[in-house]
Amino acid sequence: MKVTDPIADYLTRLRNAISAGHKVVEVPASNMKKEITKILMDKGYILNYKFIEDDKQGIIKIALKYHAQTKKNAITELTRVSKPGLRDYKGANELPRVLNGLGIAILSTSKGVISNKEAATENVGGEVLCYVH
């Protein structure tokens, strides 16, 4: 099956696994998805991840993070912002704030795929890929 928007497919697979209560989700790998996964790990939204190389494109295994008492996931919402038909670019002085600073926006910049907070410290703008909170 040919996917026209692989990042939206990645976010949808995560959303579906969270709503089904799965502990691990597997997604097809790409360099962009690997970078997004690393950001989610660094910011504490997922428990762990593993890149599995195979003869095709590879797989990313993501262990989802749930709170012990409430059994709620650390990720409450994943929103795709920039779409293939309508790209959303923001300059360094107009970076988005997600949930008044409690969430993150993931951007594709000239410095690589980074969060909005890192983009603000490096004073760089780019394409807003998604919001996570």
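Here are some questions and answers on strands, helices and one loop residue in a predicted model.

Residues count from 1 along each chain as its sequence is written. Local features need pLDDT of at least 70 and side-chain atom pairs count only at pLDDT 80 or more, while totals for chains, interfaces and linings use all residues, and side-chain values use heavy atoms, with hydrogens and water left out.

User: Where is the place of Ser110?
Analyst: Helices and strands here are DSSP runs numbered from the N terminus (H or I, at least four residues, for helices; E, at least two, for strands). A hairpin joins β6 to β7 through two residues. Ser110 lies in the loop between β6 (104-109) and β7 (112-115).

User: Is Ser110 buried or exposed?
Analyst: Buried means under 20% relative accessible area, exposed over 50%, and partly exposed in between, with a 1.4 Å probe and protein chains only. The relative accessible area of Ser110 is 71%, so Ser110 is exposed.

User: How many residues of β6 are buried?
Analyst: β6 is a mostly covered strand. The count of its buried residues is five of six.

User: Which residue in β8 stands opposite Ala105?
Analyst: Two strands pair if DSSP finds at least two bridges between them. β6 and β8 (residues 126-132) run antiparallel, joined by six bridges. Opposite Ala105, in β8, stands Tyr131.

User: Which residue in β7 stands opposite Ile106?
Analyst: β6 also pairs with β7, in the antiparallel sense and over four bridges. Across from Ile106, in β7, stands Ser115.

User: How many Å apart in space are Ser110 and Gly126?
Analyst: In sequence, Ser110 and Gly126 are 16 residues apart. C-alpha to C-alpha, their distance in space is 7.2 Å.

User: What are the edge strands of the open sheet formed by three strands?
Analyst: The open sheet has the order β1-β3-β2, with antiparallel pairing. An edge strand here pairs on one side only. That gives β1 (24-28) and β2 (46-52).

User: Which residue in β3 stands opposite Asn48?
Analyst: β2 and β3 (residues 59-64) pair in the antiparallel sense over six bridges. Opposite Asn48, in β3, you'll find Ala63.

User: What angle does the direction of helix α1 make with that of β1?
Analyst: Axes are lines fitted to C-alpha atoms, for helices over the stretch in contact, and angles run from 0 to 180 degrees between N-to-C directions. Contact means heavy atoms within 4.5 Å. Helix α1 (residues 6-20) packs on the sheet, touching β1 and β3. Its direction makes an angle with that of β1 of about 165°.

User: Which strands does helix α2 touch?
Analyst: Helix α2 (residues 31-42) packs on the sheet, and its direction makes about 155° with that of β2. The strands it touches are β1, β2 and β3.
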